[in-house]
Amino acid sequence: MTKDTRDLLDVLKAELQFLEMGGYRHTARADWRPQFIFQDSPTCLNFDSTQPSKPCSDCILAQFIPEDRRDKKIPCRHIPLSEHGETIDSFYRAGTQEDLETAVAQWLKSTITRLEREKAPSIVTSDDPEVHVRARFVSTC
């Protein structure tokens, strides 16, 4: 269980916006090195280096990390982005920044859509929907 009390949908939507606005490409934060997905965005619990460091296990994204990868030094790099098992880590090893950002954006969009569907009240999809009618008796005498 994470100690991160932020709303998951809000975090994912903010991350998508950060990514789409070029947050990993245009930064004054350490322009001498590449920017790392999740680690170098406001999504990260340790984004503000003036604050005490928090364990990654407290992050709201921890729920997306496979159990056998949660002990890695930077576990968010091991979130599966596709059915093929691609992760941020695998893109860092054998991919381009553009391919990585595209895969992360797609993962964020599909995860947001899935979570919004799960959160929405279920809609009755019966062939014969139940109809409730309130009748009023009117006397004609």
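This passage walks through the helices of a predicted model and the aromatic side chains that link its parts.

The overall layout is a good place to start. The protein chain contains three helices and zero strands, and reading along the sequence gives the pattern α-α-α. Of the 141 residues in the chain, 32% are buried. Contacts across the sequence also tell part of the story: among contacts with a separation of 6 or more, 52% are between residues 24 or more positions apart.

Helix α1 comes next. The helix has 13 residues, and the distance from its first C-alpha to its last is 18 Å, close to the 18 Å expected at 1.5 Å a residue. At the N-terminal end, D7 acts as a cap, with a side-chain oxygen 3.2 Å from the backbone nitrogen of L9. After the helix comes G22, which has a positive phi, near 80°.

The two sides of α1 are worth looking at in turn. Its buried residues are L8, L9, V11, L12, E15, L16 and L19. Viewed down the helix axis, these buried residues fall within an arc of 165°, so they line one face of α1. A general feature of helices helps in reading such a list: an α-helix has 3.6 residues a turn, so residues three or four places apart point the same way. On the face turned away from the buried side, α1 carries the exposed residues D10 and Q17. The cover over the buried residues of α1 includes α3.

Helix α3 spans residues 97-119. For its 23 residues, a span of 33 Å is expected at 1.5 Å a residue, and the 32 Å between its end C-alpha atoms agrees with this. The buried residues here are L100, E101, A103, V104, A105, W107, L108, T111, I112 and L115. The buried residues of α3 pack against both α1 and α2.

Aromatic rings add another layer to the picture. A search of the whole structure finds four aromatic pairs. In one of them, F36 and Y92 meet edge-to-face, with 5.6 Å from centre to centre and 85° between the planes. F36 sits in the loop between α1 (8-20) and α2 (88-94), while Y92 belongs to helix α2, so this pair ties together parts that are 56 residues apart in sequence. Are these two residues buried or exposed? F36 is partly exposed, with a relative accessible area of 21%, and Y92 is also partly exposed, at 27%.

Another of the pairs joins F64 and W107, again edge-to-face, with 5.1 Å between centres and 85° between the planes. Here too the pair links distant parts of the chain: F64 is in the loop between α1 and α2, W107 is in helix α3, and the two are 43 residues apart. Both members of this pair count as buried because buried means under 20% relative accessible area: the relative accessibility is 15% for F64 and 7% for W107. F64 and W107 also belong to one aromatic cluster together with F38.

The ring of F36 has one further neighbour to point out. R77 lies over the face of F36, 4.6 Å from the ring centre. F36 is therefore a residue to look for in the model, as its ring pairs edge-to-face with Y92 and its face has R77 over it.

Conventions
Residues numbered from 1 in each chain as written. Predicted model: local features only at pLDDT ≥ 70, side-chain atom pairs only at ≥ 80, totals over all residues. Heavy atoms only, no water. Phe/Tyr/Trp six-rings, centres within 6.5 Å; stacked < 30°, edge-to-face > 60°. Helix = DSSP H or I, 4+ residues; strand = E, 2+ residues; numbered from the N terminus. Buried < 20%, exposed > 50% of the residue type's maximum accessible area, 1.4 Å probe, protein only. Lys NZ or Arg CZ within 6 Å of the ring centre and 35° of its normal. Expected span 1.5 Å × (residues − 1). Arc of directions from axis to C-beta. Contact = heavy atoms within 4.5 Å. Polar contact = N/O pair within 3.5 Å; in protein donor to acceptor, adjacent residues only side chain to side chain.
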